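Welcome, and please open your viewer. We will go from one selection to the next, with a short note on what is there each time.

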Amino acid sequence: MRNFIVLTLFKEAFSGFIDTSIIKRAIDQNIVNIHLIDIRDYSLNKHKKVDFPPVGGGSGMVISPEPLGLAIDKAYDYLKNDIKSTNDIKIIYMSPRGFLLNQKMSYEFANTKNDYIIICGHYEGIDERIIEKYNVLEISIGDYVLTQGELASQVFMDSVIRLIDGTIKKESLEFESHTNGLLEYPQYTKPILYDNMKVPEILLSGNHQKIADYRKMESIRITKKYRPDLLNKI
Ligand SMILES: C[S@@+](CC[C@H](N)C(=O)[O-])C[C@H]1O[C@@H](n2cnc3c(N)ncnc32)[C@H](O)[C@@H]1O
């Protein structure tokens, strides 16, 4: 079992993610466990405040290290004492300034026997001392800025969980975009004739070698069109 402990101010943002499709199935089959912790529950403030203006000036609010540190300690306690996980623990902060997530990294996150404590930021982000104290790894899901880490954490978990053994059949992952350095070839399904457009004849030929060659050529064509930079890396 692999554990993903998410520290968030908005637990409700995860209901659709956890309750649907492949992620739900992975949870139901005990391949993964996703456990949500509300950072606000660890506020030391009588009004349950968790964020304060940046010291030194500037706009917005920063999540205070006190509730966040206590929430991280609770996540450790949950993993080691409540569910007695023997996996190593890695703490990740979803952050636009972090290492840029890619498929190779997702495979690495999936294939190590780590549990992940994932911090979702909001406002201007989190107090830097948390990153130092807990040796936090910052991961970005792209070169743009979102309003919240909840969405980013779901992207991270989805990309990793689908690669964990047992979640998806290995054959389905084999020819995906970003797996062999190329983007995926075009896919077709029934009906064979749609709006006067026919599925390419070769796919109906039953000749597996010709189909494989055709798909490889199409992969190269699509990669040239959308991501020519990838071709230099093969
Ligand atoms: C408005 S952003 C904070 C941006 C921060 N002030 C900066 O400029 O780096 C609020 C939160 O959204 C999340 N977030 C935003 N963009 C992200 C990205 N590209 N990847 C991962 N997380 C992101 C982070 O958790 C962040 O703390």
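A residue counts as exposed if 12 or fewer other C-beta atoms lie within 10 Å of its own, and as buried if there are 20 or more. Keep that cut-off at hand and select K104, in helix α4 (residues 103–111). K104 has 10 other C-beta atoms within 10 Å, so it is exposed. Now add I234 to the selection: it is 130 residues away from K104 in sequence, yet 14 Å away in space, C-alpha to C-alpha.

**The whole chain**

Zoom out for a moment. This is a predicted model. The protein chain holds 9 helices and 9 strands, and its C-alpha atoms fill a box of roughly 70 × 40 × 35 Å along the principal axes. Of the 234 residues, 24% are buried. Among the contacts with a separation of 6 or more, 78% join residues 24 or more positions apart.

**The ligand**

Next, select the ligand and the 19 residues that surround it. The closest are M94, G121, L146, G149 and A152. Which element gives the most to this shell? Colour β5 (88–100) to see it: β5 supplies 4 residues. Helix α6 (149–161) also contributes at least two. By type, the shell comprises 8 nonpolar, 9 polar and 2 charged residues.

Stay with M94 and show its contacts. Beyond its neighbours within four places in sequence, M94 touches I118, I119, C120, G121, I139, G149, A152, S153 and F156.

**The core**

M94 also leads us inward, as one of the residues with the most contacts inside the largest nonpolar core, together with L7, L68, I92, I118 and I119. That core has 37 residues. Elements giving two or more residues to it include β1 (2–8), β5, β6 (114–119), α3 (65–82) and α6. In soluble globular proteins, nonpolar side chains tend to be buried together.

**Along α3**

Select α3 and look at it from the side. Its 18 residues reach 24 Å from first C-alpha to last, close to the 26 Å expected at 1.5 Å a residue. Now pick out its buried residues: P67, L68, A71, I72, A75 and L79. Turn the view to look down the axis: these buried residues fall within an arc of 140 degrees, so they line one face of the helix. They pack against β1, β2 (32–38), β4, β5, β6 and α5 (128–133). On the other side of α3, you will find D73, D77, N81 and D82 exposed. Just after the helix, stop at K84, whose phi is positive at about 55 degrees.

**Backbone stops in the loops**

Where else does phi turn positive in a residue other than glycine? Try K48, with phi near 65 degrees, in the loop between β2 and β3 (51–52). K48 has 12 C-beta neighbours inside 10 Å, so it counts as exposed. Then go to Y123, in the loop between β6 and α5, where phi is about 55 degrees. Y123 has 18 such neighbours inside 10 Å and therefore counts as partly exposed.

For a cis peptide bond, select K190 and P191, which it joins with omega at about 5 degrees. P191 sits in the loop between α7 and β8 (193–194).

**Last selection**

Finish at D165, in the loop between α6 and α7 (170–174). D165 is exposed, with 10 other C-beta atoms within 10 Å. Draw a distance from D165 to S95: they are 70 residues apart in sequence and 27 Å apart in space, C-alpha to C-alpha.

Note on methods. Residues are numbered from 1 along each chain as its sequence is written. This is a predicted model: local features need pLDDT of at least 70, side-chain atom pairs count only at pLDDT 80 or more; totals for chains, interfaces and linings use all residues. A residue is near a molecule or strand if its C-beta atom, placed from the backbone, lies within 6 Å of it. Ala, Val, Leu, Ile, Met, Phe, Trp, Tyr, Cys and Pro count as nonpolar, Asp, Glu, Lys and Arg as charged, and the others, Gly among them, as polar. A nonpolar core is a set of buried Ala, Val, Leu, Ile, Met, Phe, Trp, Tyr and Cys residues joined through C-beta atoms within 7 Å. Two residues are in contact if their C-beta atoms, placed from the backbone, lie within 7 Å. The expected span of a helix is 1.5 Å times one less than its number of residues. The arc is that of the directions from the helix axis to the C-beta atoms.
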